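Thanks for making time for this one. I would like to talk about cysteines and then about a pocket, so please have the model open while I speak.

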Amino acid sequence: MNTEVIRCEVSDYIARVTMDRPPVNALSQEFQEEMMLVFDTISDRDDVRVAVLTGAGKHFCAGADIKSRAGSERQPGDGWQHSRRAREAFHSIVECKVPVIGAINGSALGAGLAIAASCDILIAAENCSLGLPEINVGLLGGGRHAMRLFGHSKARRMMFTGQRLDGRELYRLGVVEECVPPEQLMETAMALAKEIAAKSPIAMQLAKHAMNAIEFMSLRDGYRFEQSMTAELSKYEDSKEAMRAFVEKREPVFKGR
């Protein structure tokens, strides 16, 4: 992919995606458009079964580029276009067909929190920070994404005060799966990615599709949808291979069909 600020490297069915817009990986139009391009492309690649998203340098993503926005004059339509790009950039992660592991290496603030909340599984460095500082810089946003990660009171406290939480607190609250020293972050995230990549890509895509679809359904409707996905999966050779391997007490060999 010919991208400048969202870099993507693929190896062993794992896409390593790096936000690289110094100094703090803040959002720009190019950033948003490349984010959409990278994750939409990943969805169409047969050689990718899982993605790991992280930031270059000391930051994951520090949010909106306040310096560039503070002195700019918007033309008619600019605000709507910016908001639309931001929404779709986040949703390209949510809607990516493969699981996305967020490796939070540093500050994930505002839009950076939204990017983290759009991932499927989160791993945090001990020194990372997650927060919604918009209230302090004349902006709003990110509260709905925070609700995917935090309970009622905590999400509102973060929204109303700009409170930031480090990796240890995120782990204590159950927001992240693991909290590790910074030097172990990518090793930990890649180990999880390898575990996921070893599963059937067909089953994994249907599993993510199901989890996205049932998130706001009732228990009855959600489970009914999952049952339909199980019936769909049973049509594929990978499903039959998984059952044979279980009975024969061996590792399955998945072919993605």
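A disulfide, as I use the word here, is a pair of cysteine sulfur atoms within 2.5 Å. Please keep in mind that this is a predicted model, in which local features need pLDDT of at least 70 and side-chain atom pairs count only at pLDDT 80 or more, while totals for chains, interfaces and linings use all residues. Residues are numbered from 1 along each chain as its sequence is written, and side-chain values use heavy atoms, with hydrogens and water left out.

How many disulfides does the structure hold? It holds zero. For C128, the closest cysteine sulfur is that of C179, and at 6.7 Å it is too far for a bond. C61 has its closest cysteine sulfur in C119, 11 Å away, which is again too far for a bond. C61 counts as buried, because its relative accessibility is 0%, where buried means under 20% relative accessible area with a 1.4 Å probe and protein chains only. C128, at 1%, also counts as buried.

C119 brings me to the second largest pocket, since C119 is one of the residues closest to its centre, together with D120, I121, R148 and M211. Its lining of 24 residues draws on both domain 1 (6–197) and domain 2 (199–248), and therefore the pocket lies between them; these bounds come from an automatic or database domain assignment.

Key:
1 Å grid on protein atoms, 1.4 Å probe; cavity = no way out; pocket = protein on both sides within 12 Å on 5 of 7 lines; lining within 4 Å. Buried < 20%, exposed > 50% of the residue type's maximum accessible area, 1.4 Å probe, protein only.
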